[in-house]
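User: I should like to learn how to read domains, interfaces and nonpolar cores in a multi-chain model. Could we work through an example together?

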Amino acid sequence: MWGDKAIELIKELERSSELFPPFDDDKVRLILEECRVLNQFIEDAMSSTFDPETNNYLAGVKARTAALERNKRCLLAYQWNRLQTLKKMRWEFGSILPPEIKANMSETEVQWCTKYSKALANYMKNIGGRNGLNLMLDMQPPKDLYIEVRCLKEYGKLELDSGEVFNLSENSQHYMPRSQVENLIRLGVLEHINWS
Amino acid sequence: MSLFRKRNHYFSLTDVLSSQERVPITFQVAVGYLGELDASAEGNILAAGTTLELPYWLVTSLYQEDGVGIDLPKQYKQAWRDILAADAKVVNLQRLCKYFYEFGKLVSLIRVRDHQDIIDLLIQTLVDRHRELTNWAVHAIKQENEFFEKLDDIEQELSRRATSAELNLSNWLQSDCGQIRKAEMVQAHDRLVSSSRTFNT
Amino acid sequence: MSNLEDMFLNEEEDDEEAITAKSVLEMITDAWVNEKLCPEILPNKAELVEVMMEQIDQMEENVLQLQKTDLRSIIHRQELERIRYLIRSYLRARLEKIEFYSVWVFKNQSVLSPQELAYLKEYLSLSVAPLKNLCDRFPGPAGQLNPKQMEIAPDLEAHVFAKSRVDLPDTIIVHDGPREEEITVTKDSQRIVPYSCIRQYVRDDRIKLI
C-alpha cells in the first residue's frame with residue numbers, strides 16, 4: 001500500500017532503542033521510487049483524454065496526490081525530528097559527539113551539526129558584554145560555590161580560571177568550584193558527591 | 001523545559017502516526033485506477049460495493065467523491081461508547097487505539113454529523129480516567145507497569161510529565177536540588193554502550 | 001535581594017544606584033518566570049540584560065578586592081552565580097522558542113533582540129537546508145518546501161495562571177469554548193485563563209504569569 005514504507009521510516013525513529021539510529025537511506029530511496037511511480041501516473045493521466053465513463057482518472061489522481069504529500073510529510077518529519085535530536089545532543093554532549101552516534105549520521109547531518117555549533121557560538125559571543133556569555137553553563141540552578149566531586153574516569157590535568165591545577169585521575173576526590181566542573185559532571189567524567 | 005511545546009504540527013510524529021489509523025470506507029460505485037488499494041481487486045478497477053479500511057490521510061482525499069461513504073471506526077461507535085460510558089477506567093485504550101483522542105479528533109472532522117458526539121465522548125473518557133491517571137502518576141516512579149501499558153499515547157505523555165514533576169518536587173523537598181547529574185542523553189548513551197559491551201564479551 | 005543592595009551600598013555609597021540594580025534584577029526575574037510559562041516568545045528585555053551584565057562585571061571586580069575568606073565575599077559570589085544562572089536560563093528559554101517556532105517567530109520578529117534576530121536568520125537557513133535537500137530528490141510539483149506547512153505556531157489558547165500587577169482600565173473577555181465571560185481585573189487578582197485573552201497585557205507587563 002502507498003505510504004507504508006514511509007510510515008515504517010517514522011516508526012523506526014519512534015521505536016528505536018538507540019539514541020540516534022542510523023539514517024536509513026535505503027528506505028528513503030524506496031520511498032522516493034514509490035513517489036516517482038505515483039508522479040508518473042499523475043502526469044500520464046493529466047495528458048490523457050478525460051472521459052467520465054472510460055477514462056475517469058479523478059479519484060486515482062486525488063488518491064495519488066495524497067500519497068505523494070504523505071510520503072513527503074513522512075520524509076520531512078523523519079529528517080526534522082532527527083535534527084531535533086542532534087540539537088539536544090549538542091546541548092548535552094557538547095561539540096564532540098560519541099563515535100557511535102557520529103557513525104549513524106548522514107553527510108547532511110554532519111554538516112548541519114557543524115553549522116549549528118557555529119551559529120550558537122556566534123550568538124553566545126555577541127551577548128553579555130565583553131566576553132560573551134556561554135549559555136551551555138548553569139544548566140541547573142546553582143546552590144553551593146564549591147562542591148565535592150569524585151572522578152569516574154582518567155581525565156588528566158584541569159586548570160581552573162584561578163590558575164590552580166587539579167589532577168583528575170580515576171577515583172580521586174576533589175573539592176572544586178561548581179561553575180567550573182558542572183560540565184564535566186554532565187559529561188560523566190566527574191560525579192557530584194552530595195552530602196545533604 | 002519544554003512545557004510550552006506544541007504537540008500538533010506538520011513534523012509531529014504523533015500527528016503523522018495518528019493520521020495513519022484506519023477508517024472504514026465503502027465505494028458504492030466502481031472506481032477506476034484504484035485497484036492497488038484492494039488486494040482482491042481485479043485489474044485496476046475497484047468494484048462497486050467494496051468496503052476497505054484505509055489510512056485516515058488517504059480517506060480524506062476520497063470521502064467526498066460521489067458514491068463514496070465512510071463509517072466510524074469501531075472505537076467511536078455506539079457499542080464502544082456504551083462500554084466507555086459504563087466504566088472508562090478499565091478499558092485498555094492502548095490496545096483499542098493507541099491514538100484514541102487524537103485520531104478521534106481527526107475522525108470528528110470528516111464525520112460532521114457525529115462531530116459533537118465524538119468530542120463529547122473524548123472529553124468524558126478523559127474526565128473519567130483522569131483521577132486514576134493523576135493518582136497513578138503521583139505514586140508510581142517506575143513507568144513499566146501494567147497500568148501505564150493500558151494508556152493511550154497522550155495519556156502516557158501526561159503521566160510522564162506528572163511523574164517527572166512529582167520527582168522534581170520530592171527531590172526538592174529532600175533538598176537534593178543542588179545535585180548535578182549526568183546529562184540525560186549522556187546517561188542513556190553510556191548505558192547503551194556498556195550493555196553492548198557486556199553483550200559482546 | 002538585600003545582598004545585592006548591600007554590595008553596591010558598600011562599594012558605591014550611592015542609594016540610587018543600589019535601588020536601580022535591585023529593581024533591574026527584579027524585572028529580569030519576572031521576565032524569566034514569564035518566559036518560562038508563556039506559550040509564545042515575549043518582547044525581549046535585552047537592555048535589562050545588558051545593564052545587569054555590566055553590573056555583574058562591576059560586582060566581580062568589587063568582590064576581587066575582598067579577601068577570599070571574607071564572609072561577604074562568599075555571599076556576594078553566591079549572589080553573582082545566581083544572577084548569572086538567571087540570565088542564562090532566561091536567554092536559553094528564549095532560544096528554545098526561537099528554534100522551535102522559527103518560521104513563526106521570523107514573521108513576528110519585532111520581539112527579538114538584534115542578536116537573537118541574527119541567530120534566527122542563521123538558524124533558519126541552516127535548518128531548511130537538509131529539508132530542501134530531501135525535497136530536491138522528489139519528483140514533480142510536490143518537491144517544493146511549503147513554508148506554510150513548516151510553520152509551527154505557538155498555541156495561544158493554552159491556559160496559563162495569571163496575576164495582575166495593576167487595576168486594568170478595561171474589562172477582559174474570557175472565552176471558554178462557546179461561553180464568554182467579561183471580567184474586571186483588579187490588582188493582584190489571580191486566575192487561570194487562555195493566554196490569548198490576556199496576551200497584550202502580558203506583553204506590556206501589566207499581567208504576569210505565575
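Analyst: Let us begin with domains, bearing in mind that this model is predicted. Chain C is divided into domain 1 (2-96) and domain 2 (159-209).

User: How many residues does each domain of chain C give to the contact between them?

Analyst: Domain 1 of chain C contributes 8 residues and domain 2 of chain C contributes 6. On the domain 1 side, the residues fall into 6 nonpolar, 1 polar and 1 charged.

User: How should the contact between chains A and C be read, and which elements of chain A supply two or more residues to it?

Analyst: One counts the residues on each side, then asks where they come from. Here 32 residues belong to chain A and 30 residues to chain C. On the chain A side, the elements giving two or more residues are helix 2 (25-47), helix 3 (58-93) and helix 5 (107-125). That side comprises 18 nonpolar, 8 polar and 6 charged residues.

User: What is the general idea behind a nonpolar core?

Analyst: In soluble globular proteins, nonpolar side chains tend to be buried together. In this model the largest nonpolar core has 82 residues, and A:A67, A:C74, A:L75, B:L58, C:I87 and C:Y90 have the most contacts inside it. Helix 3 of chain A provides the largest share, 12 residues.

User: Which residues does B:L58 contact, leaving aside its neighbours within four places in sequence?

Analyst: B:L58 is in contact with A:A63, A:A66 and A:A67. Another core, of 9 residues, lies apart from the largest one and includes A:V149, A:C151, A:V181 and A:I185.

User: What does the record annotate over residues 143-193 of chain A?

Analyst: The unreviewed UniProt entry annotates this stretch as "domain: DNA replication complex GINS protein PSF1 C-terminal". In the model, residues 143-193 of chain A are 18% helix and 45% strand, with the end C-alpha atoms 13 Å apart.

Technical notes. Residues are numbered from 1 along each chain as its sequence is written. Chains are lettered from A and ligands numbered from 1 in the order in which they are written. This is a predicted model: local features need pLDDT of at least 70, side-chain atom pairs count only at pLDDT 80 or more; totals for chains, interfaces and linings use all residues. UniProt positions are given in the numbering used here, feature names are shortened, and annotations may be inferred rather than shown by experiment. Helices (H or I, at least four residues) and strands (E, at least two) are DSSP runs, numbered from the N terminus. Two residues are in contact if their C-beta atoms, placed from the backbone, lie within 7 Å. Ala, Val, Leu, Ile, Met, Phe, Trp, Tyr, Cys and Pro count as nonpolar, Asp, Glu, Lys and Arg as charged, and the others, Gly among them, as polar. Domain bounds come from an automatic or database domain assignment. A nonpolar core is a set of buried Ala, Val, Leu, Ile, Met, Phe, Trp, Tyr and Cys residues joined through C-beta atoms within 7 Å. A residue is buried if 20 or more other C-beta atoms lie within 10 Å of its own, exposed if 12 or fewer, and partly exposed in between; C-beta atoms are placed from the backbone.
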